[in-house]
Amino acid sequence: MNNKSINILQLYPRDMNIYGDWGNALVLKRRLEWHGYGAVLLEYNPGDTFPGDVDLIVGGGGQDSGQDIIQKDLLSIGTQLRDLANDGLPMLMICGLYQLFGKFFKAQDGHIIKGIELFDIETYAGQERLIGNIITKSTEFDDIIGYENHSGQTFLGRGVQPLGHVLKGAGNNGQDNTEGARYYNVIGSYLHGSLLPKNPQLADFLIEKAVTKKYGEFTPSVLDDRFAELARQRAIKRPR
Ligand code: GLN
């Protein structure tokens, strides 16, 4: 273990944390330690003071009601989050927070939940929820495997790069075959599960970006990912 350490911030864990999303922060902490680095888990909830020394940010999904609860506070830290993203800070936003890192989410009852416009995306609740196991193909990260459960249908603005293309499942909107979005070192995705235990390549991408940004270089260890690989093989065979 070297004396280098990464601060991982969990955004709104009280209201935006469903379908195991908390597991993403735990995977990042454990993999950092396996790579020989320290890791500290921090939390930020509405009304808290946004911590100064953050190296990596993760956020989960939530019901429409949870998105309503955090919206005002999220808009109040929107400029900080956009500045951090433009400065190359790595972030992973899942489902409900992915939607609110965009322009807005129009809920089924028609009310608009405004977002911080980091991603040029718009989300509209559909009549039918998009639920089930999902597999996508990404040029950056190869096959990405997870579980989706959302009413929102997300449409990418011109030139917005998706995270991947759907092989099985609905993805952003069940129409254009895209899933998620990318912006600098920020990853947005509909994939719960949680996402990172079955997709260690994504975890190591976020870790490499965080350590290199803070310390100038990242010295990875060779990790034994046999169990992650077994879980992937099992998940790939699961029906929708
Ligand atoms: N409430 C949002 C929707 O239904 C997000 C759901 C989620 O985070 N799983 O689309």
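Which polar side-chain atom lies 3.1 Å from a nitrogen atom of the ligand? Select His-192: a polar atom of its side chain is found at that distance, 3.1 Å, from a ligand nitrogen. The pair is a polar contact, that is, a pair of N or O atoms within 3.5 Å; within protein, one atom must be able to donate a hydrogen and the other to accept it, and residues adjacent in sequence count only if both atoms are side-chain atoms.

The model is predicted, so that local features need pLDDT of at least 70 and side-chain atom pairs count only at pLDDT 80 or more, whereas totals for chains, interfaces and linings use all residues. Residues are numbered from 1 along each chain as its sequence is written, and side-chain values use heavy atoms, with hydrogens and water left out.

**The ligand and its shell**

Keep the ligand selected and add Asn-149, where a backbone N or O atom lies 3.0 Å from a nitrogen atom of the ligand. Next add Arg-129; an N or O atom of its side chain is 3.5 Å from an oxygen atom of the ligand. Taken alone the ligand exposes 300 Å², and the protein buries 99% of that (accessible areas come from the Shrake-Rupley method with a 1.4 Å probe; for residues, only the protein chains shown count as cover).

The space that the ligand takes is the largest cavity. A cavity is defined on a 1 Å grid over the protein atoms alone, as a set of points where a 1.4 Å probe fits but cannot get out. A molecule sits in a cavity if more than half of its atoms lie within 2 Å of its grid points.

Now display the elements of the shell. Those that give two or more residues to the shell around the ligand are α2 (64-76), α4 (96-100) and β8 (142-156); helices (H or I, at least four residues) and strands (E, at least two) are DSSP runs, numbered from the N terminus. The largest contribution, four residues, comes from β8.

Then select the residues themselves. There are 17 around the ligand, and Gly-62, Asp-64, Gln-67, Cys-95 and Gly-152 come nearest (a residue is near a molecule if one of its heavy atoms lies within 4 Å of it). Coloured by class, the shell shows four nonpolar, eleven polar and two charged residues. Here Ala, Val, Leu, Ile, Met, Phe, Trp, Tyr, Cys and Pro count as nonpolar, Asp, Glu, Lys and Arg as charged, and the others, Gly among them, as polar.

**Buried asparagines in loops**

Move to Asn-45, in the loop between β2 (38-44) and β3 (56-59). Asn-45 is buried, with a relative accessible area of 6% (buried means under 20% relative accessible area, exposed over 50%, partly exposed in between, with a 1.4 Å probe and protein chains only). Its side chain reaches the backbone nitrogen of Arg-14 at 3.2 Å.

Asn-173 is the next stop, in the loop between β9 (164-168) and β10 (178-179). Asn-173 counts as buried, at 2% relative accessibility. Polar side-chain atoms of Asn-173 lie 2.9 Å from the backbone oxygen of Thr-154 and 2.8 Å from the backbone nitrogen of Gln-175.

**Backbone geometry**

Most residues other than glycine have a negative phi, and most peptide bonds are trans. Select Tyr-12, which is not a glycine yet has a positive phi of about 55 degrees. Tyr-12 belongs to the loop between β1 (5-11) and α1 (22-34) and is buried, with a relative accessible area of 0%.

Is Tyr-184 buried or exposed? At 51% relative accessibility, Tyr-184 counts as exposed. Its phi is also positive, about 45 degrees, although Tyr-184 is not a glycine; the residue is found in the loop between β11 (181-183) and β12.

Proceed to Gly-193 and Ser-194, which a cis peptide bond joins, with omega about 15 degrees. Ser-194 is placed in the loop between β12 (186-189) and α5.

**Distances across the chain**

Finally, select Glu-208 in helix α5 (residues 200-215). Glu-208 is partly exposed, with a relative accessible area of 29%. Glu-208 and Pro-90 are 118 residues apart along the chain, and their C-alpha atoms are separated by 9.2 Å.

Leu-89, in the loop between α3 (78-86) and β4 (91-94), is buried at 3% relative accessible area. Leu-89 and Asp-68 are 21 residues apart along the chain, with 26 Å between their C-alpha atoms.

Note on methods:
1 Å grid on protein atoms, 1.4 Å probe; cavity = no way out; pocket = protein on both sides within 12 Å on 5 of 7 lines; lining within 4 Å.
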